[in-house]
Amino acid sequence: MQLILYSKPGCHLCEGLQEKLEQIQNLSFELEVRDITTREDWFAVYEYEVPVLYLSNRQGAEDAEGSEKPLPRPSPRASVQQLEQMLRKYLAN
């Protein structure tokens, strides 16, 4: 299971969400942080949207972006436990 966080440097909401995701211990997932400033296509889509969180259950590289599902944006005030509960709901599907 993989979570993808679209982020950009200097984004405090992005940094806060990343820190909380890294503190979750009761769920097994890999976190990939994608800096939208490194690709024009990402920047064009997410410039005013970050942080954006996607769930990816790709099996191989050829299936890369086809299996990414956007997740609702968690509240910046959500605790690590609340974030874990939200993710648990989506990881179960």
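Student: In which sense do E1 and E3 pair, and over how many bridges?
Tutor: This is a predicted model, and in it one of the bridges can be named, since the partner of Tyr6 in E3 is Val52. Taken as a whole, the pairing of E1 with E3 is antiparallel, and the number of bridges is 5.

Student: In what order do the 4 strands stand in the open sheet?
Tutor: From the N terminus on, the elements of the chain run β-α-β-α-β-β-α, which amounts to 3 helices and 4 strands. The strands form an open sheet with mixed pairing, and their order in it is E2-E1-E3-E4.

Student: Which strands stand at the edges of that sheet, and why is one side of each left without a neighbour?
Tutor: Neighbouring strands of the sheet are turned by 30° against each other on average, direction ignored. An edge strand has a single partner strand, so one side of it has no neighbour in the sheet, and the strands in that position are E2 (30–35) and E4.

Student: Which residue in E4 does Leu55 stand opposite?
Tutor: E4 covers residues 68–70 and is joined to E3 by 3 bridges, with the two strands running antiparallel. Within E4, the residue opposite Leu55 is Lys69.

Student: How many of the residues of E3 are buried?
Tutor: One side of E3 carries Val52, Tyr54 and Ser56, while the other carries Leu53 and Leu55, and all of these are buried, which leaves both faces covered. For the chain of 93 residues, the share that counts as buried is 40%. For E3, described as mostly covered, the count is 5 of 5.

Student: Which element gives the most residues to the largest nonpolar core?
Tutor: The largest nonpolar core has 15 residues, and those with the most contacts inside it include Leu3, Leu21, Leu53 and Leu87. At least two residues of this core come from each of E1 (2–7), H1, E3 (52–56) and H3. The element that gives the most, with 5 residues, is H3.

Student: How many residues are in the other core, the one with Trp42 and Tyr54 among them?
Tutor: Leu53 is among the residues with the most contacts inside the largest core, and, leaving aside neighbours within four places in sequence, Leu53 is in contact with Leu3, Ile4, Leu5, Leu21, Lys69, Pro70, Leu71 and Leu87. Apart from the largest core lies another, whose members include Ile4, Ile36, Trp42 and Tyr54, and its number of residues is 10.

Student: Are H1 and H3 roughly parallel or roughly perpendicular to each other?
Tutor: Two packed helices are described by the angle between their axes and the distance between the axes. For H1 (residues 12–23) and H3 (residues 80–91), the angle is about 75° and the axes are 9 Å apart. Angles of 65 to 115 degrees fall in one class, and the two helices are therefore roughly perpendicular.

Student: How many nonpolar residues does the contact of H1 with H3 have?
Tutor: On the H1 side the contact has Leu17, Lys20, Leu21 and Gln23, which meet Val80, Leu83 and Leu87 in H3. By class, there is 1 polar residue and 1 charged residue, and the number of nonpolar residues is 5.

Student: At what angle to E1 does H1 run?
Tutor: H1 also lies against the strands, since it is placed across E1, E2 and E3. With respect to E1, the angle is about 160°.

Student: Does Ser7 count as buried or exposed?
Tutor: Ser7 lies in strand E1 and, not counting residues up to four places away in sequence, touches Cys14, Val33, Arg34, Asp35, Ile36 and Val50. The relative accessibility of Ser7 is 9%, and because the cut-off for this class is under 20%, Ser7 counts as buried.

Student: What separation do the C-alpha atoms of Lys8 and Val50 have?
Tutor: Lys8 is found in the loop between E1 and H1, and at 27% relative accessibility it counts as partly exposed. Val50 is one of the residues that Lys8 touches, as are Cys14 and Glu47. Although Lys8 and Val50 are 42 residues apart along the chain, their C-alpha atoms are separated by 7.3 Å.

Student: Which residue does a cis peptide bond join to Val50?
Tutor: Most peptide bonds are trans. Here the bond that follows Val50 is cis, with omega at about 0°, and its other residue is found in the loop between H2 (40–46) and E3. That residue is Pro51.

Key
Residues are numbered from 1 along each chain as its sequence is written. This is a predicted model: local features need pLDDT of at least 70, side-chain atom pairs count only at pLDDT 80 or more; totals for chains, interfaces and linings use all residues. Side-chain values use heavy atoms; hydrogens and water are left out. Axes are lines fitted to C-alpha atoms, for helices over the stretch in contact, and angles run from 0 to 180 degrees between N-to-C directions. Angles under 35 degrees count as roughly parallel, over 145 as roughly antiparallel, 65 to 115 as roughly perpendicular and the rest as oblique. Contact means heavy atoms within 4.5 Å. Ala, Val, Leu, Ile, Met, Phe, Trp, Tyr, Cys and Pro count as nonpolar, Asp, Glu, Lys and Arg as charged, and the others, Gly among them, as polar. A nonpolar core is a set of buried Ala, Val, Leu, Ile, Met, Phe, Trp, Tyr and Cys residues joined through side-chain atoms within 4.5 Å. Buried means under 20% relative accessible area, exposed over 50%, partly exposed in between (1.4 Å probe, protein chains only). Two strands pair if DSSP finds at least two bridges between them.
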